[in-house]
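Subject: Structure for your review

Dear colleague,

Please find below the structure that I agreed to hand over to you. I would be grateful if you would read the notes that follow with the structure open beside them.

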Amino acid sequence: MFEFLGEVTDRMRFKKIIETGAKTAISNKNVLEKEIKKWIDSPKRKLMQLGEAYYIGEHEILERKREVIGDDGKLVEVENLPNNRIVDNQYAKLVDQKVNYLLAKPLTFETQDEKYLEELNLVFNAKFHRTFRNLGEDSLNGGIAWLYIFYDERGKLAFKRFPPYEILPFWKDADHTELEFAIRLYPVSAYEGDKEVIIHKVEMYTTDGIAHFIWQNNSLIPDVEQIKTNYISTTDEETGETLVFNWERVPLVGFKYNNKEIPLIKRVKSLQDGINIMLSDFENNMQENAHNTILVLENYDGQNLGEFRRNLAQYAAVKVRSSEGSRGDLRTLTIEVNADNYKAIIALFKKAMIENGRGYDAKDERMSNNPNQMNIQSMYSDIDLDANGIETEYQASFEDLLWFVNVHLVNNGKGDFEDEQVNVIFNRDILINESEAIKNAVDSMPILSMESIIAQHPWTKNPQLEMERKEKEYQKEQQEYDDYRKNFPNQLVGGKTDGKE
C-alpha cells in the first residue's frame, strides 16, 4: 500500500503545481488543437501505424488490384484474372529476432546494496519483463515506445504500455531527453442507444495530473464524466481524508529504437513489398493456364472469342472449319514460367532485407556442422551492432524509470536509494558454442573470480542464485568434513593422521 504521512515535502519529490512556462503552453487550447490535428495526419504517426500494421500482417499487397492496358492505352482493373495476395511476413520475423535477441531473457540488476537489489527484483518481476519485451516490439514498430508508471487499484506500483501512435509528446529540449507534457489520443467504443459509436478520448499528462477531453470536430471538449484526475490518491488512516498527489515528473518514459526515432519499417518496407509481389505474381502466372498458352485460331466455327473460351472450358474442344481452300486449325504458342527466376529474385530480396534490417540468417552456411564462436559472432555482427544502439537508448530511459521506482521506495519506507549506482544488464539470447564457452570459462579460473565465471557460463540462468547454491554446497561439504574429523580423529586427512594416536 502506498502510504503518506503529513503534507507533501521535498523528500517525497512531489509537487502540486507545474512550471509556469508549461502552464502557459498547456492553457492555450487553440494551439493544442492545432498541434493535435497536425499530428493525427502527420507522416511520422502514419509510419508508426504502418509498422504496427505490417507486424500483424496487414501489408500493402492485400489492397492490390489486377490491371491491364485498356483500349485507350491506360491501365484498367480486371476481375477475371487471378489476383493472389500473398504475405510472406519477413518484417515480423525481423522484429521478433531483434526483440528476442535483446529482451527474451530477464534483465539483471547489479548494485552494491543487497536490500536495494531485493526491492528492484520485486518491482521488475516476471510481469514487468513481459511488458518490457512487448515494449520492445512497440519501439521497433513505432520508433519510440511509451511506458506509463501508475498505481493500480491495490496501491501497487504498476507499468502499462501505450501504443506509439497514441502519444503526442512535447519535449523540453531538441534532443528529446526531457518530457514537458504529453497528449494521448485513443478510441473507445460506446453506445448511443442501440448504435455503437467510436469516441476519441484525449488525455493530457502533466505534472499537475491528467486532464480528460473528447476529440470532436477537431476540438477539445472537456470530458464531463472525468475532467481531471491525480496520479496518486490515498486515505489518511487517522482522519479518513482522501489525499491526492502528483509526480514531480510526467510519469511517461519513452524507449527509443534509435536517436532519430525512426521505425524499422522505414528501412525495409520496399523490400518486404517486393517479396510479397514476387510470390503473388508467381502464383498468378501459374494459375493463368489459358494465358500461359497463346491460342492461334484459323477459321473458328463460332461467333466470337467469348464463345470460344466457354466451349474450350466446358467441352475441352472447339470446332473449326475449312472453306474456300482455307483449312481450319488451332495452334498454340506456349510461354513458360521460369520458377528459378522468381526463386533467385526472392532470395535476393530476403538477403537484402536481412542486411538492411540488420538481422541475421539462421540458415547461414557458416552455421553448418560445428561452427566455432568466430563464425557465430560473424553471423550475429549486424544484429549485435543494432542491439548496441538500442541498449544505449534503453539504458538512458532506465535512468528515468528508476527515478520513479526510487521515489516509490522512499514513500513506502523501503529506503532512500537515489544515490545508489545500478547497472542494468541486458542478457542477449545469442547462439554460442557451449563446449568452447565452457572450456574458456574453466581456463579463466586462475584469472577471474568465481562470480564472473559463473555469470558467463552458458548454463547459468541466474548468477546470484547460482552463487548461493555454490555457497550452500560449500557449507554442506565443510560440515561433512568437520563431522568426519570429529567422528574419526585418527584417520588420515590429506595424507597425515589427524588427532592424537
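Helices in these notes are DSSP runs of H or I with at least four residues, and they are numbered from the N terminus. Please keep in mind throughout that this is a predicted model.

With that definition in hand, we may begin with a single residue. N276 has its place in helix α7, which covers residues 265-287. Is N276 buried or exposed? Its relative accessible area is 0%, and a residue under 20% counts as buried, so N276 is buried. Which residues does N276 touch, once its neighbours within four places in sequence are set aside? They are H59, I61, I86, V87 and D88. With H59 there is also a polar contact of 3.0 Å, which joins the two side chains.

Next comes a pair of helices. Two packed helices are described by the angle between their axes and by the distance between those axes. Helix α3 (residues 43-55) packs against helix α6 (residues 126-142) at an angle of about 120°, and the axes are 7 Å apart. The two helices are therefore oblique to each other. On the side of α3, the contact is made by L47, M48, G51, E52 and Y55, while α6 contributes E137, N141 and G142. Sorted by class, this contact has three nonpolar, three polar and two charged residues.

Helix α6 deserves a second look, for R133 also lies in it. R133 has a relative accessible area of 17%, which is under the 20% limit, so this residue counts as buried. If residues up to four places away in sequence are not counted, R133 touches D96, V99, N100 and L103.

I now turn to a sheet. Three strands form an open sheet in the order β5-β4-β14, and their pairing is antiparallel. Which strands stand at the edges? They are β5 (157-162) and β14 (252-256), each of which pairs on one side only. From one strand to the next, the twist averages 30°.

Strand β4 (residues 144-151) is joined to β5 by six bridges and to β14 by five bridges. In both pairs the strands run antiparallel. You can follow individual partners in the model. Y148 has K160 as its bridge partner in β5, and Y148 also stands opposite L252 in β14. Further along β4, F150 stands opposite A158 in β5, and Y151 has L157 of β5 as its bridge partner. How many residues lie between β4 and β5 in the hairpin that they form? There are five, and G155 in the turn has a positive phi of about 85°.

How much of β4 is covered? The strand is mostly covered, as seven of its eight residues are buried.

Two helices pack on this sheet, as the following details show. Six bridges join β4 to β5; α6 packs on the sheet and touches β4, β5 and β14, with a direction that makes about 145° with that of β4. Helix α12 (residues 381-411) likewise packs on the sheet and touches β4, β5 and β14, and its direction makes about 160° with that of β14.

Finally, I should like to draw your attention to two residues in loops. H176 is found in the loop between β6 (167-171) and β7 (179-192). Although H176 is not a glycine, it has a positive phi of about 55°. Its relative accessibility is 25%, so H176 counts as partly exposed. R358 lies in the loop between α10 (339-357) and α11 (373-379). R358 is not a glycine either, yet it has a positive phi of about 60°. With a relative accessible area of 37%, R358 is partly exposed.

Yours sincerely

Notes: Residues numbered from 1 in each chain as written. Predicted model: local features only at pLDDT ≥ 70, side-chain atom pairs only at ≥ 80, totals over all residues. Heavy atoms only, no water. Axes fitted to C-alpha atoms, helices over the stretch in contact; angles between N-to-C directions. Parallel < 35°, antiparallel > 145°, perpendicular 65-115°, else oblique. Contact = heavy atoms within 4.5 Å. Nonpolar A, V, L, I, M, F, W, Y, C, P; charged D, E, K, R; others polar. Buried < 20%, exposed > 50% of the residue type's maximum accessible area, 1.4 Å probe, protein only. Polar contact = N/O pair within 3.5 Å; in protein donor to acceptor, adjacent residues only side chain to side chain. Pairing = 2+ DSSP bridges.
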